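I am opening these notes to keep track of what I looked up in a two-chain model, one topic to an entry.

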Amino acid sequence: MTADLDAFRSGYAAAFRGYLAGGGETGLESAYELGREAVAGELSLLDLAGIHHEVLADCLASAPKDELERVARAGTDFFQESLSTFEMIQRGFGEAQETARLEQRHAAQLRGLADAALALNSTLSVEDMLALLGERARAIVGAERSSVSMAGEGPRMTQRNGERLVAPLIDRQEHAFGLIELSGKHEGEFTEDDESILEQLAHMASVAIENARLYQHERGIALELQSNLLPDVLPEIPGVVAGVRYDAGGAGEVGGDWFEVIPLSGGRVGMAIGDVVGRGLPAAKMMAHLRPALRAYALEGEPPAVVAQHMAHFVRTLDRDQMSTCVYAVLDPATGELRCANAGHPPPLVLTGEGRADFIAGKPGLPLGVTTDYDYPEVRTTLAPGSTLLLYTDGLVEKRGEPLDAGLERLREVVASEPVDSLEDLCDRVRNALVREAPRDDVALLAVRMLAPESGPLELELTAEPGALAELRRRLDVWLPQSGAGAEETYDIVLATCEAAANAVEHAYGPGEAKFHVTVRAEDEEVTIEVRDRGAWRDQRDPRRGRGLAVMRKLMDDVNVTSTDGGTNVRLRRRLREGRQHGRARAHRD
Amino acid sequence: MDELARIEIDQTPRGVVARISGEIDISNVGAVKRKLTGALTSSSPGLVVDISGTNYLDSSGVYLLFELNRALKGRQQQLCVVAPPTTPSTRVLLITGFDHIVPVTSTLEDAIETVAARAPTAPA
């Protein structure tokens, strides 16, 4: 009998491996045949379940991490098939043979064990497995209470007395890592059969739990890597508001979705979204390379097509066989000019303030990682104030067995279907309409809205520290063109104002956080700027400060410095002659 | 250095080339200065600072360039700045009269030529 069992086991292993390698229907037929053999060889259900578990455990142990889920699922199908024939034949001859040998209750227990095996192997989280184990053990043995614990040190052997039955959970290194305990038997006391059933169940569960722990450990690392790498808050950028919605794929492993919003010089804003093909730790690691690279290229101020090309080169240097896609767009909130390059990614969508939604036209360029010898096309368009640019990853629009176009059209309809709402509402609405509760794939959605021009004077209260100067420039770079300043005038006024502000910063005074104030007005084709602080005007004999003042005088029509005990007030005045129309493009900054 | 400016240093036999992109103001001028002076070797004929990709440069940045020029002169080395007319920061160099004191060229090639030709220690 032992020799028969061994022969059956190797037959089973070979057939299952054949099925895993792509046997399909023929593979399942062999499972059916194995069921017949098992009955003919007078193997019990318990023997069959035991053999299946040994074979499956071997396959899981040797399978690569990203195959675990598939192997477990294939195991379920294969085992079910072998059981179905087994059961069918058993029903025919069983009355005479098996059932005569096994009492009715024991047969039901075995059936329950087989079911539990199937359920355990289609569960991937440890928590779910522990709950399932307790619940099934109670049902199969017929007990009032169960408890499952993952305590480090426990008994290594099954223990039984009339009221209590305990079986250890033991891993492949023969280390007891937990236990299952039953008490309150429904009828009579716990028997030897109960003990053997619980031992079997504990053994199956141990293998399944150990695999799941390995899997969850990796998933945990990838998730942490991903959440550490994605920005917690989007930067505040004058002239735009941004919103984001990100869901890590729940059921499967994490993917490599990423996004980025970057304030650029001249008041412009860079926006990116990307997706690494593949899942789990490798995808998260790749994403960890891509995001900072894009940020660095973007800050160089290169146009999107050039940034995309740099990224393509960068990806090739990583020497990984991993493809990824991304979109990088640059918006000038002062003029609405939008430039966009697409490396194999689904097209960005523009929603106007009136509720019209259209994809940005143009065929996407090649994904990153394909070749370095490629010029990315760049699409240029102009957004009207109030328009929203929507960037997203394919998890939002892809459905199995459906062409991508259908998903895109669904997105367009959902975005355009309601009156235009807050970005947060928009992101939530789009996500909830298009993605089911626990998506398998990651879903990232980034929305950036261009605000209508600010009217009236620009009033700013800034902290007297060097970092405030960049913020001041961003605000002026948006406000000035919207108030009628041309490109050169904007440059001159920004430089002069920041020179005055640098004085305020370098002469921060007193204890606590010092502030300074900037007010900018545009009236009658003239811009006046006031920079007020509470410090003393710097000694003008300092060569460096003298130069700052000299720069202001060269750039402005009028410079007036009043210094009192209460602080310093710099007034700058500049007539606008250059450009009369609003929103003139600052082409020379590209 | 923060993300306002990025500096790429290229050590060539004909001089050190520093390409600055981004923005320079009082918040990062100290870091820029350390990076530039740290890149300079005594054997180099001089330094080319390329600000073609510098979107913003205030008077503290111009002052830094003046200081660099003084330091280089003392070491018999030549400074040259690449600032084409299309670069926004060129304007502040012109209004401060910087171009009267230090050679300013439109292309990197011209700047390297200038450094090689004017440096007293340049190889023949």
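In which sense do β2(B) and β3(B) pair, and over how many bridges? I found that they pair in the parallel sense, over four bridges. Before going further I note that this is a predicted model, in which local features need pLDDT of at least 70 and side-chain atom pairs count only at pLDDT 80 or more, while totals for chains, interfaces and linings use all residues. Residues are numbered from 1 along each chain as its sequence is written, and chains are lettered from A and ligands numbered from 1 in the order in which they are written.

**Entry on chain B**

I looked up the partner of Ala18(B) and found that Ala18(B) stands opposite Val49(B) in β3(B); for strands to count as paired, DSSP has to find at least two bridges between them. Strand β3 of chain B, residues 46–50, is mostly covered, with five of its five residues buried, where buried stands for 20 or more other C-beta atoms within 10 Å of the residue's own, exposed for 12 or fewer and partly exposed for what lies in between, with C-beta atoms placed from the backbone. In a regular strand the side chains alternate between the two faces of the sheet. I therefore checked both faces of β3(B), and both are covered, by Gly46(B), Val48(B) and Asp50(B) on one side and by Leu47(B) and Val49(B) on the other.

For chain B as a whole I noted five helices and six strands, which follow the pattern β-β-α-β-β-α-β-α-α-β-α along the sequence. Helices here are DSSP runs of H or I with at least four residues, strands are runs of E with at least two, and both are numbered from the N terminus. Chain B has 124 residues, and buried residues make up 50% of them. Among its contacts with a separation of 6 or more, 71% are between residues 24 or more positions apart; a contact requires C-beta atoms, placed from the backbone, that lie within 7 Å.

I also looked up Gln76(B), which is found in the loop between α2 and β5 (78–82) of chain B. Gln76(B) counts as partly exposed because it has 13 C-beta neighbours inside 10 Å. Its C-alpha atom is separated by 9.7 Å from that of Arg118(B), although the two are 42 residues apart along the chain.

**Entry on the contact between the chains**

The contact takes 23 residues from chain B and 25 residues from chain A. On the side of chain B that touches chain A, β2 (15–24), β4 (54–57), α2 (59–74) and α3 (90–95) each supply at least two residues, and the largest share, four residues, comes from α2(B). By class I noted eight nonpolar, nine polar and six charged residues on this side of chain B, with Ala, Val, Leu, Ile, Met, Phe, Trp, Tyr, Cys and Pro taken as nonpolar, Asp, Glu, Lys and Arg as charged, and the others, Gly among them, as polar.

**Entry on chain A**

The secondary structure of chain A comes to 14 helices and 19 strands, and 42% of its 590 residues count as buried.

I then went to helix α6 of chain A, residues 126–141, whose 16 residues reach 22 Å from the first C-alpha to the last, close to the 22 Å expected at 1.5 Å a residue; the expected span is 1.5 Å times one less than the number of residues. Its buried residues are Met129(A), Leu130(A), Leu133(A), Arg136(A), Ala137(A), Ile140(A) and Val141(A). Why do these lie on the same side of α6(A)? They cover an arc of only 140 degrees around the axis, which puts them there, the arc being that of the directions from the helix axis to the C-beta atoms. Just after α6(A), Gly142(A) takes a positive phi of about 85 degrees.

Next I looked up the open sheet of four strands with the order β1-β4-β3-β2 (chain A) and antiparallel pairing. Its edges are β1 (143–149) and β2 (159–160) of chain A, each with a single partner strand, so one side of each is left without a neighbour in the sheet. β1(A) pairs with β4 (residues 176–185) of chain A over six bridges, and Ser149(A) stands opposite Leu179(A) in β4(A). α6(A) packs on this sheet, touching β1 and β4 of chain A, and its direction makes about 150 degrees with that of β1(A); axes are lines fitted to C-alpha atoms, for helices over the stretch in contact, and angles run from 0 to 180 degrees between N-to-C directions.

Notes
Two residues are in contact if their C-beta atoms, placed from the backbone, lie within 7 Å.
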